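Here are my notes for a colleague who is opening this entry for the first time. Please read them beside the model, point by point.

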Amino acid sequence: MKYFTIAELTRTNQKANNAITIEQGDNLKHLVEKVLDPAREEFGEPIKVTSGFRSQEVNRLVGGAKSSQHCKGQAADLTCSDNKTLFRILAEMEFDQLIYEFGDENQPSWVHVSYVLGANRNEILRARKSKGKTSYKKIKI
């Protein structure tokens with residue numbers, strides 16, 4: 001873990017317990033070592049984690065999906081000076097899900113990436129909001 005810390009990946013603004021188990025911590029370490037650190041190395045600039053691990057309570061408070069990989073320590077939402085370039089860098093790596101979150105054709109608002117040791121789907125999605133509902137569509141790069 002060269003560029004990211006467990007404290008950074010478990011930080012929350014919610015007034016709720018966000019402690020991790022050993023398994024969730026191991027998942028976060030795999031995410032960092034296999035995806036986040038290599039992406040930061042390639043990008044060459046800081047990448048901010050806006051949401052990493054979420055306890056079930058934190059996930060509920062932020063309106064996350066009940067099956068969110070954030071709750072397993074397998075996912076992070078990221079932002080940087082050029083989210084579209086970061087998305088392209090991540091698309092070249094091994095990952096479970098990579099999501100171009102909202103934004104427009106020039107830039108996603110943020111990038112979601114997940115990693116599951118030994119079970120990655122390499123699924124690329126685009127999130128859009130219409131009439132207050134979020135939809136996800138598979139895309140190709």
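1. Within the lining of the second largest pocket, β1 provides the largest share, namely four residues, and the elements that give two or more residues to this lining are β1 and α3. Please bear in mind throughout that this is a predicted model. The second largest pocket holds about 270 Å³ of space, and among the 14 residues lining it, Arg11, Thr12, Asn13, Thr50 and Ser51 are the closest to its centre. By character, that lining comprises four nonpolar, six polar and four charged residues.

2. The largest pocket, with a volume of about 510 Å³, has a lining of 20 residues, and those nearest its centre are Ala65, Ser68, His70, His112 and Tyr136. Here β3 makes the largest contribution, three residues, while β3, β4 and β6 (133-138) each supply at least two. Seven of the lining residues are nonpolar, nine are polar and four are charged.

3. Arg54, in the loop between β1 (48-51) and α3 (56-62), deserves a look: is Arg54 buried or exposed? Its relative accessibility is 12%, so Arg54 counts as buried, the cut-off being under 20%. The Arg54 side chain forms a polar contact with that of Asn59 at 2.9 Å, and, leaving aside neighbours within four places in sequence, the contacts of Arg54 include Ser68, His70 and Asp77.

4. The largest nonpolar core has 28 residues, and Leu78 is one of those touching the most other members. Several elements supply at least two core residues each, including α2 (22-43) and β2 (75-79), with the largest share, seven residues, coming from α2. Beyond its neighbours within four places in sequence, Leu78 contacts Leu36, Ile47 and Val113, among others.

Conventions
Residues numbered from 1 in each chain as written. Predicted model: local features only at pLDDT ≥ 70, side-chain atom pairs only at ≥ 80, totals over all residues. Heavy atoms only, no water. Core = buried A, V, L, I, M, F, W, Y, C linked by side-chain atoms within 4.5 Å. Buried < 20%, exposed > 50% of the residue type's maximum accessible area, 1.4 Å probe, protein only. Contact = heavy atoms within 4.5 Å. Polar contact = N/O pair within 3.5 Å; in protein donor to acceptor, adjacent residues only side chain to side chain. 1 Å grid on protein atoms, 1.4 Å probe; cavity = no way out; pocket = protein on both sides within 12 Å on 5 of 7 lines; lining within 4 Å. Points joined across faces, edges and corners; volume = space filled by probe spheres on them. Nonpolar A, V, L, I, M, F, W, Y, C, P; charged D, E, K, R; others polar.
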